[in-house]
Amino acid sequence: MAMTHASSLPGTSQIVARATPEYPRHTEGDLIALTDGRLLLAWGRKVGASDMASGTLVGKYSRDRGLTWDQEAHVILAPWDDITDVMSVSLCRTPRGLHLFFLGRGPIKDRDTCVYQLLSTDEGATWSPPVLVSPRPGYHVVNNARVIRTTAGRLLIPVSFAEEAGNQERRFREVFCLYSDDDGLNWRRSNTLSEDGVLFMEPGVAECADGSIYMTIRTKHGCLYESRSRDGGQTWQAATATAFVSPSAPSTVTRDPGSADLWLIWCNNPAGAKAGWADRNPQALVVSRDGGRTWGAPRLLENDDQRGFGYFSVDVVDATVHLTYYDWSKGQPNFYLTDLRQRCLPLAWMRAG
């Protein structure tokens with residue numbers, strides 16, 4: 001898709017967590033409004049730059065609706081027992097309380113990566129012990145800010161899966177959803193999406209106004225793929241290629257909570273599959289008014305070819321849309337010196353596309 005250029009980027013932005021030699025990588029996070037008016041932002045803080053480096057789940061509060069944040073992060077969950085790394089946060093609310101979903105990595109790092117959840121009944125002041133969600137052995141990937149609760153009350157966790165992810169290609173050939181109809185007490189698995197020769201990675205889902213669930217999927221084949229479910233995420237149509245040219249980079253799809261619109265943020269790099277893993281720029285937003293069947297013109301969210309961006313969370317608080325995502329300087333090894341950035345946008349701007 002052609003890019004609509006702008007003289008300046010929209011809204012305001014700030015670094016919420018800046019990388020240091022002690023904590024050189026701040027991984028993807030999620031944000032939620034608490035009942036007392038505060039905002040909670042949670043993310044993974046690593047002691048190394050690689051994907052496999054040990055990490056801790058940390059958080060900050062904002063008492064002014066996201067204008068400023070705590071100076072220091074507080075620890076939500078550190079690695080425990082034989083879990084060496086915790087990361088990739090999704091926050092979700094149900095009648096049971098506040099849920100925090102995350103990935104926990106075991107001693108065999110390229111095989112023992114599973115989905116867990118914490119539950120808080122006091123708005124994040126304390127959390128339950130971690131509970132395993134995905135008992136199947138293997139390497140699970142669930143991006144940040146991916147878990148949704150449908151209007152029917154079903155929790156959906158979109159997952160990409162590999163028996164073992166130790167090779168450089170990370171041959172993820174399966175995508176499915178874990179779903180719960182009792183607010184996270186019990187879980188079942190949807191049918192599996194796979195296609196010969198296609199690497200399916202990092203799916204995301206949004207509920208459409210007609211009740212269907214729309215899914216986007218990262219690939220290494222120069223574009224995003226998509227699928228749709230008409231039974232609440234239990235079964236999925238065969239995945240097909242979209243017109244969204246993209247390198248091997250994540251996208252984020254979400255529903256505007258005040259309308260039928262879908263918002264899609266993705267890496268609109270025209271090089272597509274020829275772009276390297278570091279070339280995650282520019283980042284763009286498109287809006288669909290028909291449940292993901294057609295899309296409007298893209299608008300810039302980030303555009304700096306010396307930096308890479310990705311793993312967006314999208315949350316609406318009052319009339320402001322809060323985005324969080326990583327901000328990394330190209331040329332650094334792995335993801336060394338990766339910051340966590342917040343961008344605040346007027347809700348009217350998001351809806352104007």
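A residue is buried when its relative accessible area is under 20%, exposed when it is over 50%, and partly exposed in between. The exercises below use this on a predicted model.

**Exercise 1. Describe the protein chain as a whole: what share is buried, and how many helices and strands are there?**

Step 1. Apply the burial cut-off. Buried residues make up 59% of the 353 residues in the protein chain.

Step 2. Take the secondary structure. The protein chain has 1 helix and 25 strands.

Step 3. Compare with a globule. The radius of gyration is 18 Å, and the globule rule gives 20 Å for 353 residues. The two values are close, so the protein chain is as compact as a globular protein of that length.

Step 4. Add the dimensions. Along the principal axes, the C-alpha atoms fill a box of roughly 50 × 45 × 40 Å.

Step 5. Check the contacts. Of those with a separation of 6 or more, 52% are between residues 24 or more positions apart.

**Exercise 2. Place Arg-105: which strand holds it, and is it buried or exposed?**

Step 1. Locate the residue. Arg-105 belongs to strand 7, which covers residues 97–105.

Step 2. Use the cut-off of 20%. Arg-105 has 3% relative accessibility, so it counts as buried.

Step 3. List neighbours, leaving out residues up to four places away in sequence. Arg-105 touches, among others, Met-52, Ile-83, Asp-112 and Tyr-139.

Step 4. Look for a polar partner. The side chains of Arg-105 and Tyr-139 make a polar contact at 2.9 Å.

**Exercise 3. Compare two salt bridges: where do the partners of Asp-85 and Arg-105 lie, and where do Arg-293 and Asp-210 lie?**

Step 1. Recall the principle. Side chains of opposite charge can pair when their charged atoms come close.

Step 2. Start with the total. The count comes to 22 salt bridges. One of them joins the side chains of Asp-36 and Arg-38, with an N to O distance of 2.7 Å.

Step 3. Take the Asp-85 pair. The side chains of Asp-85 and Arg-105 form a salt bridge at 3.2 Å, N to O. Asp-85 is in strand 6 (residues 85–94) and Arg-105 in strand 7, so the pair ties together parts 20 residues apart in sequence. Both Asp-85 and Arg-105 are buried.

Step 4. Take the Arg-293 pair. Arg-293 forms a salt bridge with Asp-210, with the closest N and O atoms 3.3 Å apart. Arg-293 lies in the loop between strand 21 and strand 22, and Asp-210 in the loop between strand 15 (201–207) and strand 16 (213–218), so this pair ties together parts 83 residues apart in sequence.

Step 5. Check accessibility. Arg-293 is partly exposed at 43% relative accessible area. Asp-210 is partly exposed at 47% relative accessibility.

Step 6. Look for shared partners. Salt bridges join Lys-46, Asp-85 and Arg-105 into one network.

**Exercise 4. Read the sheet of strands 19-20-21-22: which strands stand at the edges?**

Step 1. Set the order. These 4 strands form an open sheet in the order 19-20-21-22, with antiparallel pairing.

Step 2. Find the edges. Strand 19 (252–255) and strand 22 (299–302) each have a single partner strand, so one side of each lacks a neighbour in the sheet.

Step 3. Add the twist. From one strand to the next, the twist averages 25°.

Step 4. Inspect one pairing. Strand 21 (residues 283–288) and strand 22 run antiparallel and are joined by 3 bridges. Ala-284 has Leu-300 of strand 22 as its bridge partner.

Definitions and conventions. Residues numbered from 1 in each chain as written. Predicted model: local features only at pLDDT ≥ 70, side-chain atom pairs only at ≥ 80, totals over all residues. Heavy atoms only, no water. Buried < 20%, exposed > 50% of the residue type's maximum accessible area, 1.4 Å probe, protein only. Polar contact = N/O pair within 3.5 Å; in protein donor to acceptor, adjacent residues only side chain to side chain. Contact = heavy atoms within 4.5 Å. Pairing = 2+ DSSP bridges. Axes fitted to C-alpha atoms, helices over the stretch in contact; angles between N-to-C directions. Salt bridge = Lys/Arg side-chain N within 4 Å of Asp/Glu carboxyl O. Rg over C-alpha atoms; globule rule 2.2 N^0.38 Å.
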